[in-house]
Amino acid sequence: MAGVAMTTGSGMDSFHILYADVSMRIETGAGVDTVNIASTSASAYLYVDLGEGRNYLIVGQDYGLSYVQGTVESRAEGGSNIVYIDDRATSLASTYTLNGDIFQRDGSAPIFLADADTILFWAGQGNGNVLGSAGNTLDVLDLRQAGSESRSL
Ligand SMILES: [Ca+2]
Ligand SMILES: [Ca+2]
């Protein structure tokens with residue numbers, strides 16, 4: 001994988017990825033780490049391993065999932081991740097699918113959520129001024145593949 005590789009240590013590390021246009025591999029090691037992903041290009045494959053501890057993975061909080069166009073693969077080797085998927089910046093109705101540990105919004109890249117302990121999800125908020133922004137659809141296809149004990153949606 002060409003691109004950026006970063007490894008950090010046992011402290012509480014925080015990454016805010018505003019725009020990834022090359023592939024990245026980020027490993028944050030032990031400690032309660034936070035990785036916040038705002039925007040990725042289609043040619044960028046983003047691999048994040050938040051390591052030991054109960055970590056926080058945030059996707060889409062800045063601009064919504066429309067700007068997440070490159071695949072995101074996440075895990076927490078030896079730990080777990082609390083995952084926030086936030087598409088509130090999107091005003092049109094969307095279809096979201098959770099299939100095992102793969103989350104995807106139509107028109108956005110898949111987000112792989114290995115070692116997710118909890119998933120908190122916000123769909124688009126809609127816009128009363130835009131026609132056709134009625135409801136969102138969330139399809140949960142299969143949670144049995146997920147390697148976690150409980151899930152919150
Ligand atoms: Ca760390
Ligand atoms: Ca960690």
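Trainee: What percentage of the 153 residues in the chain is buried?
Mentor: This is a predicted model. A residue counts as buried if 20 or more other C-beta atoms lie within 10 Å of its own. Of the 153 residues in the chain, the buried share is 34%.

Trainee: How many strands and helices does the chain have?
Mentor: Read along the sequence, the pattern is β after β, with no other symbol. The counts are 13 strands and zero helices.

Trainee: In what order do the eight strands of the open sheet stand?
Mentor: The pairing in this sheet is mixed. Neighbouring strands are turned by 10° against each other on average, direction ignored. The order is E1-E3-E5-E7-E11-E10-E9-E13.

Trainee: Why is one side of E1 and of E13 left without a neighbour in the sheet?
Mentor: Take E1 (4-7) and E13 together. Each has a single partner strand, so one side of each has no neighbour in the sheet. The reason is their place: both stand at the edges.

Trainee: How many residues of E13 are buried?
Mentor: Strand E13 spans residues 137-142, six residues. The strand is hardly covered. Its count of buried residues is zero.

Trainee: In which sense do E9 and E13 pair?
Mentor: E9 covers residues 95-99. Five bridges link E9 and E13. On its other pairing, E9 is joined to E10 (residues 102-105) by four bridges, and those two run antiparallel. E9 and E13, in turn, are parallel.

Trainee: Which residues are the bridge partners of Tyr 96 in E13 and E10?
Mentor: Go strand by strand. In E13, the partner of Tyr 96 is Leu 138. In E10, the partner of Tyr 96 is Arg 105.

Notes
Residues numbered from 1 in each chain as written. Chains lettered and ligands numbered in written order. Predicted model: local features only at pLDDT ≥ 70, side-chain atom pairs only at ≥ 80, totals over all residues. Buried ≥ 20, exposed ≤ 12 C-beta atoms within 10 Å, placed from the backbone. Pairing = 2+ DSSP bridges. Axes fitted to C-alpha atoms, helices over the stretch in contact; angles between N-to-C directions.
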